[in-house]
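This briefing concerns the way in which the copies of a chain are related and how they meet. Please consult the sequence and the structure shown below while reading the points that follow.

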Protein chains: 4
Amino acid sequence: MKIAIIGATGYTGFELIKIALRHPHIKLKYLTSDSSADKKISDIYPHLKGLCDMTLIPNDFNSIVSDIDAVFLCLPHGASMDAAKFFADHNKIVIDLSADFRISNREIYESTYKETHKYPDLLKEFVYGIPELFGDDIRKTKLIANPGCYPTSIILPLYPLIKNELIDTDFIIADSKSGVSGAGKNPTEKTHFCEVNEDFKPYGIFNHRHNPEIDFILSGSYKNLHVTFTPHLLPINRGILSTIYTKSKSNLNLIIKCLRDTYSDKPFVRIYEKDIPSIKNVAYTNFIDIGIYKDKDNVIIVSTLDNLIKGASGQAVQNLNMLSGFKETDGLL
Amino acid sequence: MKIAIIGATGYTGFELIKIALRHPHIKLKYLTSDSSADKKISDIYPHLKGLCDMTLIPNDFNSIVSDIDAVFLCLPHGASMDAAKFFADHNKIVIDLSADFRISNREIYESTYKETHKYPDLLKEFVYGIPELFGDDIRKTKLIANPGCYPTSIILPLYPLIKNELIDTDFIIADSKSGVSGAGKNPTEKTHFCEVNEDFKPYGIFNHRHNPEIDFILSGSYKNLHVTFTPHLLPINRGILSTIYTKSKSNLNLIIKCLRDTYSDKPFVRIYEKDIPSIKNVAYTNFIDIGIYKDKDNVIIVSTLDNLIKGASGQAVQNLNMLSGFKETDGLL
Amino acid sequence: MKIAIIGATGYTGFELIKIALRHPHIKLKYLTSDSSADKKISDIYPHLKGLCDMTLIPNDFNSIVSDIDAVFLCLPHGASMDAAKFFADHNKIVIDLSADFRISNREIYESTYKETHKYPDLLKEFVYGIPELFGDDIRKTKLIANPGCYPTSIILPLYPLIKNELIDTDFIIADSKSGVSGAGKNPTEKTHFCEVNEDFKPYGIFNHRHNPEIDFILSGSYKNLHVTFTPHLLPINRGILSTIYTKSKSNLNLIIKCLRDTYSDKPFVRIYEKDIPSIKNVAYTNFIDIGIYKDKDNVIIVSTLDNLIKGASGQAVQNLNMLSGFKETDGLL
Amino acid sequence: MKIAIIGATGYTGFELIKIALRHPHIKLKYLTSDSSADKKISDIYPHLKGLCDMTLIPNDFNSIVSDIDAVFLCLPHGASMDAAKFFADHNKIVIDLSADFRISNREIYESTYKETHKYPDLLKEFVYGIPELFGDDIRKTKLIANPGCYPTSIILPLYPLIKNELIDTDFIIADSKSGVSGAGKNPTEKTHFCEVNEDFKPYGIFNHRHNPEIDFILSGSYKNLHVTFTPHLLPINRGILSTIYTKSKSNLNLIIKCLRDTYSDKPFVRIYEKDIPSIKNVAYTNFIDIGIYKDKDNVIIVSTLDNLIKGASGQAVQNLNMLSGFKETDGLL
């Protein structure tokens, strides 16, 4: 399968390249970047020297579309929708890592991203790509909205519990902590080493853009569920840990059984009861580790993942594997 | 005022020494340590070379008691109670940094620390030393139980809100994150650099020893309040940040007014409404920063402090200042 | 003594403010910044909330000159020389933390900084401010060129050894490592958390701007000494460690005696023979620790300091103390 | 190829397991550990949950020897020699990651490790396993002494330059910096998070055990070359950077040509002339990056590698690949 990575110079592009190099069925054909066109990707990421010395080309989609089977879009939200439209119209596989097609309700998208959605019809066609939950839809589509990193860490453990009415949906708090790579590659005051190192703090209290995505997917079509979600910035490169507080409407065994049953045949989900997940054990992998603990009716769920792999590029390839009929783990172990 | 630091080689001892060197009324007379007796403290902490080169002496209390006015006890719980008894019997000022006298209810102490309390009568005489809350009692005593680091970060913001019935006491979650110095100076697998660095995880879910302390102090004498408390280990040296979730029984203005009124004349409490506290701004200081935010009836409180200063040695000196009639900020700015 | 900090929003300004707040004879009158004028310094550094809430004013020197005794210039090189000229002409004490007056040889300055020096006559009047070495000149001047951070770590141990002809001046290698705060507060790709964290690398091999400063000061007036100097970027906030390799022309005892004699009465220099200096022991202090080791004729010197304190703001205040007749340690312990 | 990892619970064992899982020709048969026998390796490294849940067995070599083709010895020096002897006597492939067979001169080994070598005859049979330098010998042996991490970073760039007499062998300084995993998995005061984090320091000045190994291998059989080697401890998990200072006896082009020629067909060596190697670009890979820079006759060489991969387990597998006739990169990309 011949692929292009559109907007390849960011951290998600870099991770996609490394996964693609190990993937038995993927052939990297194009890496694009307007700002870094004509540079070698290995000049930007010397890690790749000798492994991938491809030259970046500008975002001229017409010149590449006939020569590829699939694209990964690593563009900012807003910019991504045009690229998605172009490649969808050419009947290519589109894995969009931006937020542009994650919330199929146009009003919620627009109020969250302060952006008019140009292709509301297309919005309905994209499938929200958590392979463990929406595999049936993923296998039937060529258009994937790749989930946000925080939402993956929260939706994956909660979705089956909510669907099976095992927890109190009026009471869900997700206290999430993310490494700095989640903020992207562009240097800002907030990602300056001396500001982050030896520090820790929450941000976006009550107003982070991933909150509507979490609520929308967890609500499904019938219920206005709201998660109280607080992200924090961890002084590490990689990983998210979400500590989720809720109340059980059932006993713990049923809750654990539900998670175990849902994910028993899923190669990238690991359930903990006694031990506690930690970021170290999932960093640089496509795993999501989920721990579940109870004291009377208080339930605490701890989930960990690598924000750039299971929270972005790894899950993107997992989606591609699934819709293409490859082995789900190809390139990801 | 002539003081001794009993068990001076740990991190809290080290911080006490540095504060004492800057304090206008404190004279360091003795530093004790059984395991490091006859060593210089500056061989253990070369930072102190030229500043404090005192030689450590063994824990022979009889030989020093006549020559001091006050002791800081930096011993493990269990070991601390005998020292406290000895110096209390000699009518000295005792600031106990261990947990031995924090919970004046013997049964709760014993079930929490799996330890028989040898001096239950003395237990009643110690004052729980949060100067901003219990100043009247502190000024009248010579016996201080210096609070735990996590409890300080949680009790200080919540106490006035609970007392004034502004929040729902059935619903309090404290998701706390601490730097590694909170685990002490002894090397263990859990504090090995490679295990902690680039990692993050919760521990003691539903069973941390500070939980009964938090509940006991916040409950006062009349109510069985329970806080759901989860500590996490941050890959930094210093600092605690607690993200506290509760429901308001009032409007936000009243809640903020309550905190501002309670702490308006307190030199080490700073209240935030728009900006968000961060560990960096309180590290190496005796400040506790408290931010408060609301969305409908959901209230989030963020508090930060340095676990070794406001969470231990700084608060210990603040207590000494208060009960001795010194200026509250002496040695602490 | 009434002082102004010109360009107060950078890291050296922040450190100067904290030192000034503890200094018995300094009164902060003005903090200036063109880009942040009208903001409170405590909005930029919330650490200062309640300690120093002064409002920044623009760089209008005429409006402040009559009301101050001394200025600290925390401006970029090039920009600093005009401010220095202005305050020197008004007969004020000027402590310039930039590089503009460090190299009194105009040609070397200009070839190093690719900048025409506007005030070559003034250049001769500034004293290079390492108090331990040039105290006699410092006490007689009002104009101080505050040394660079790397040069302080290298010149201070080597100067007496070279002057006393104890080491081979044809063979001096300084392998230096600095924390990220040395690169300043402005976010760049090189100081992005994810680029620095878990990384380590040299930079400016054979061409760092501090090399001519080191060579010029160590050469004195008569000899063209050259140090091979390689700076590296450490993934920490604060501190410099220089590992210096040279050959002895004498025995180690003489070398150690020379350093001990030179610095015996200097409160901020600590000499090590057996133990090894480490950054931790000097971070957040004005100390420079110097260790010296020998194997046959190979000599290794290890020096550590805090780049923002002894390497910048602390040394600046130490210079002010010295030329003002204050106690050398005022504000610095 | 059926392999056993003897002493599998340390960091080098963990890395070997991860490489083995990806290797097309290796089948992990046994993981041994006396202290952790009967535990699952995935309980010690939860990272491996679902990937490798093998149970550790005790070091009973008789019970496993008939069922394996090769062993990796991850034992402490001293302990390793008995195991090596046993498996060598059974004609198995032995890759010894300890120091026991690196220095084929018994006297130097014994004076360095303060340990009598029990099998001096076997000492001569082991090949020092830097595949890029000693491939001819490696292909002919079944007994590999896997090099130390620091020595690999220093020998690999210097060996061809010394052999071709391009640099001054009387003047070689290697200032090396290593991440903490080089100190192993056992918690000690020196690897306590709070002691290492935000710190940096040299250790083993003039007396590190890797110095004789470096000198011995670089000297070859005819010359008593001595490198001045100083290791430092970096506050990061992984990686070594060596900054090597020497004098050229030739021009830079010849030096670069020599390195390029020597390593042109070596898949894991990358040469830099303008850009500068950094640890980040080789961490978690089997690459060694080498940069070379010159100013007059001063030459600086910068080499970087991952201490656990190219500096230990990766190189071990590379040696196995080479002597087994596998592709050199198998399992390592």
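Which side chains of chain A and chain B meet in a salt bridge at 3.0 Å, N to O? The pair is Asp175(A) and Lys177(B). The model is a predicted one, and the points below set this pair in the context of the interface and of the relation between the chains.

**Relation between the copies**

- A turn of 180 degrees, with a shift of 0.0 Å along the axis, lays chain A on chain B with an RMSD of 0.0 Å.
- Chain B is likewise superposed on chain C by a rotation of 180 degrees, with 0.0 Å of shift along the axis and an RMSD of 0.0 Å.
- The rotation that relates chain B to chain C is therefore that of a two-fold axis.
- Within chain B, the residue whose C-alpha comes closest to this rotation axis is Glu198(B), at 4.3 Å.

**Surfaces used**

- Of the interface residues of chain A, 100% are also interface residues in chain B, so these copies meet through the same surface.
- The interface residues of chain B recur in chain C to the extent of 100%, so the same surface serves where those copies meet.

**Extent of the interface of chain A and chain B**

- Contact involves 38 residues of chain A and 38 residues of chain B.
- The two chains bury about 3,200 Å² between them, and carbon and sulfur atoms account for 66% of that area.
- Glu198(A), Phe200(A) and Phe206(A) supply 19% of the area that chain A buries against chain B, which is more than any other three residues.

**Polar and charged links between chain A and chain B**

- The interface of chain A and chain B holds 22 residue pairs in polar contact, with both residues at pLDDT 80 or more.
- The salt bridges between the two chains number 4, one of them being the link of Asp175(A) to Lys177(B).

**Make-up of the side of chain A that touches chain B**

- At least two residues each come from strand S7 (167-178), helix H8 (193-196), strand S8 (201-202), strand S9 (228-233), strand S10 (240-248), strand S12 (288-295) and strand S13 (298-305) of chain A.
- S7(A) provides the largest share of this side, with 5 residues.
- Sorted by class, this side of chain A comprises 20 nonpolar, 8 polar and 10 charged residues.

Note on methods:
Residues are numbered from 1 along each chain as its sequence is written. Chains are lettered from A and ligands numbered from 1 in the order in which they are written. This is a predicted model: local features need pLDDT of at least 70, side-chain atom pairs count only at pLDDT 80 or more; totals for chains, interfaces and linings use all residues. Side-chain values use heavy atoms; hydrogens and water are left out. Copies are superposed by least squares on the C-alpha atoms of residues with pLDDT of at least 70 in both. Contact means heavy atoms within 4.5 Å. Buried area is the accessible area (1.4 Å probe) that two parts lose on being put together, summed over both. A polar contact is a pair of N or O atoms within 3.5 Å; within protein, one must be able to donate a hydrogen and the other to accept it, and residues adjacent in sequence count only if both atoms are side-chain atoms. Helices (H or I, at least four residues) and strands (E, at least two) are DSSP runs, numbered from the N terminus. Ala, Val, Leu, Ile, Met, Phe, Trp, Tyr, Cys and Pro count as nonpolar, Asp, Glu, Lys and Arg as charged, and the others, Gly among them, as polar.
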